[in-house]
Every structure is written in structure tokens, then in C-alpha cells.
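I opened my notebook to look up side-chain contacts in this one. Here is what I jotted down along the way.

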Amino acid sequence: MDYGVIQGLITIVVMLTFLGIFAWAYSSRRKDQFDEAANLVFSDDEPNKNSGEDK
């Protein structure tokens, strides 16, 4: 095996990894979880005003 073959194999592995992550991120099974995570910033939980210093 020369350097070109190894470089080609690494390229294929990286491409397959990218396509796997892409498929995982855009799969319809994950949509509900991602929508919930996107809306966490709008939750009604109020921060505790006395969570810091009590003097």
C-alpha cells in the first residue's frame, strides 16, 4: 500500500462518517427531540433570584 491508497481510504472513512452524522441529524426520528431542545430557551422556568449571595 502506498500513500495514495491510504489517503483514499481515509477520505472514504471521513466521507462515510460525515454522511452518517448528516443522516442522524436530519432523520425524522430525532425531529421531536431537536424541536424540544430548540424551544428550551423559551421555557417558562424563572431563574431563582436568591440563588447567589445571601447577605
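I began with W24, which is partly exposed at 45% relative accessibility. The model is a predicted one, so I kept in mind that side-chain atom pairs count only at pLDDT 80 or more.

Next I looked up the aromatic contacts and found 3 aromatic pairs in the structure. In one of them, F22 and Y26 have ring centres 4.9 Å apart and planes at 40°, so I noted this pair as tilted. I checked the surface too: F22 is partly exposed, at 45% relative accessible area, while Y26 is exposed, at 65%.

Back to W24: its partner is F34, and the pair is edge-to-face, with 5.6 Å from centre to centre and 85° between the planes. W24 belongs to helix α1 (residues 3-25) and F34 to helix α2, so their pairing ties together parts that are 10 residues apart in sequence. F34 has a relative accessible area of 32% and is partly exposed.

I also wrote down that F18, F22 and Y26 make up one aromatic cluster.

What sits over the ring of F34? I found the charged end of R30 there, 5.1 Å from the ring centre.

Last, I searched the whole structure for salt bridges and got 1. K31 pairs with D35, and their closest N and O atoms are 2.8 Å apart. Both lie in helix α2 (residues 31-38), 4 residues apart, so about one helical turn separates K31 from D35. K31 is partly exposed at 48% relative accessible area, and D35 is partly exposed at 34%.

How values were computed:
Residues are numbered from 1 along each chain as its sequence is written. This is a predicted model: local features need pLDDT of at least 70, side-chain atom pairs count only at pLDDT 80 or more; totals for chains, interfaces and linings use all residues. Side-chain values use heavy atoms; hydrogens and water are left out. A salt bridge is a side-chain nitrogen of Lys or Arg within 4 Å of a carboxyl oxygen of Asp or Glu. Helices (H or I, at least four residues) and strands (E, at least two) are DSSP runs, numbered from the N terminus. Buried means under 20% relative accessible area, exposed over 50%, partly exposed in between (1.4 Å probe, protein chains only). Rings of Phe, Tyr and Trp (its six-membered ring) pair if their centres lie within 6.5 Å; planes under 30 degrees apart count as stacked, over 60 as edge-to-face and the rest as tilted. A charge sits over a ring if NZ of Lys or CZ of Arg is within 6 Å of the ring centre and within 35 degrees of the ring normal.
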